[in-house]
2 protein chains.
Amino acid sequence: MPQKAPRVQGCSVERTMSLIDGKWKIIVLYKLLRGTLRFNELRRLIPSITQRMLTHQLRELEADGLIVRTVYAQVPPRVEYTLSVRGRSLEPVLMAMKEWGDANLSSVEAEAA
Amino acid sequence: MPQKAPRVQGCSVERTMSLIDGKWKIIVLYKLLRGTLRFNELRRLIPSITQRMLTHQLRELEADGLIVRTVYAQVPPRVEYTLSVRGRSLEPVLMAMKEWGDANLSSVEAEAA
DNA sequence: GCCCATAGTGTCGAAAAGGATACCGTGATG
DNA sequence: CATCACGGTATCCTTTTCGACACTATGGGC
């Protein structure tokens, strides 16, 4: 691969990781696999995230073209988040993680305890 | 799923992410997919990582049971790192990431620029 | 008039991640 | 005798991450 790295140098795995850095983005993307969600729906699905972090992660995901943010100019504000086509293309990665977690997490915890 | 979460609460994707947090671990695991590597071999494969970070990440991966660290009591120190069985079971996740990166990164960068 | 929900923003500060540099012991090389 | 490579440690520092909390505007319910 030629040295055309614009933001990060390194292999494709390294550059992929730079897009989904932090634990939150993967989780947000995973929750959105099921379909469009509003801001507070995401908050309720990920109880351990704070408002501030969720906002921030959503903005970064939007900037990276992985999700689409739609604002409805209503009296109670309504903002919907959807996976973009590119975001949805991450589905194999997300599903691989979910399946690995389902299959391995309990035993890892038992051994690493 | 019952509330048996020992370290992190949340879904399996969330708990999986807590094991491979940070950009380095995924990359280290990915490099180790090809086979056993020594410390400085890993350093050369991941030029942007510092010694300190590599050491730290390797220790955490070892503590989580994803890699195996073998020390040979030789005069030039020789330490080899190998994926454990559990670490190797992450192969689908790692390969899904690599393939996504290969397929999507250049266009993402073009659009997000 | 006051509190609720929505979808955030702003600020503060702690904690963690990450980088730079120096240092360790050993044996071989020069 | 000085330097090198190996596989790290130790220390210092900056940057980023992340949580807690307060605050915003709007309209509706009480």
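1. A base oxygen of DNA strand C is 3.0 Å from an N or O atom in the side chain of Arg52(B), which is a polar contact in the sense used here, namely a pair of N or O atoms within 3.5 Å (within protein, one must be able to donate a hydrogen and the other to accept it, and residues adjacent in sequence count only if both atoms are side-chain atoms). Phosphate oxygens of DNA strand C are approached as well: one is 2.6 Å from an N or O atom in the side chain of Tyr81(A), and one is 2.9 Å from such an atom of Asn40(A).

2. This is a predicted model, in which local features need pLDDT of at least 70 and side-chain atom pairs count only at pLDDT 80 or more, while totals for chains, interfaces and linings use all residues. Residues are numbered from 1 along each chain as its sequence is written, chains are lettered from A and ligands numbered from 1 in the order in which they are written, and side-chain values use heavy atoms, with hydrogens and water left out.

3. The surroundings of DNA strand C comprise 22 residues, of which Gln51(A), Arg52(A), Thr55(A), Arg69(A) and Val75(B) are the closest; a residue is near a strand if one of its heavy atoms lies within 4 Å of it. Of the strand C atoms within 4 Å of the protein, 64% belong to sugar or phosphate, and the rest belong to bases. By class, the residues of this surface are 8 nonpolar, 6 polar and 8 charged, where Ala, Val, Leu, Ile, Met, Phe, Trp, Tyr, Cys and Pro count as nonpolar, Asp, Glu, Lys and Arg as charged, and the others, Gly among them, as polar.

4. Around DNA strand D there are 19 residues, and Val75(A), Gln51(B), Arg59(B), Arg69(B) and Tyr81(B) come nearest. Sugar and phosphate account for 67% of the atoms of strand D that come within 4 Å of the protein. The surface near strand D has 7 nonpolar, 5 polar and 7 charged residues, and its largest share, 4 residues, comes from H4(B).

5. Three side chains of chain B make polar contacts with DNA strand D. A polar side-chain atom of Gln51(B) lies 2.6 Å from a base nitrogen, whereas phosphate oxygens lie 2.4 Å from an N or O atom in the side chain of Arg59(B) and 2.2 Å from a polar side-chain atom of Arg69(B).

6. Chain A contains 6 helices and 3 strands, taken as DSSP runs (helices H or I, at least four residues; strands E, at least two) and numbered from the N terminus. From that terminus on, the elements run α-α-β-α-α-β-β-α-α.

7. Within chain A, helix H2 (residues 22-32) and H4(A) pack at an angle of about 75 degrees, with their axes 10 Å apart; axes are lines fitted to C-alpha atoms, for helices over the stretch in contact, and angles run from 0 to 180 degrees between N-to-C directions. That makes H2(A) roughly perpendicular to H4(A), a label that covers 65 to 115 degrees, while angles under 35 count as roughly parallel, over 145 as roughly antiparallel and the rest as oblique. The residues of this contact (heavy atoms within 4.5 Å) divide into 7 nonpolar, 1 polar and 2 charged.

8. Buried residues make up 45% of the 113 residues in chain A, buried meaning under 20% relative accessible area, exposed over 50% and partly exposed in between (1.4 Å probe, protein chains only). Helix H1 (residues 12-19) of chain A is mostly covered, with 7 of its 8 residues buried.
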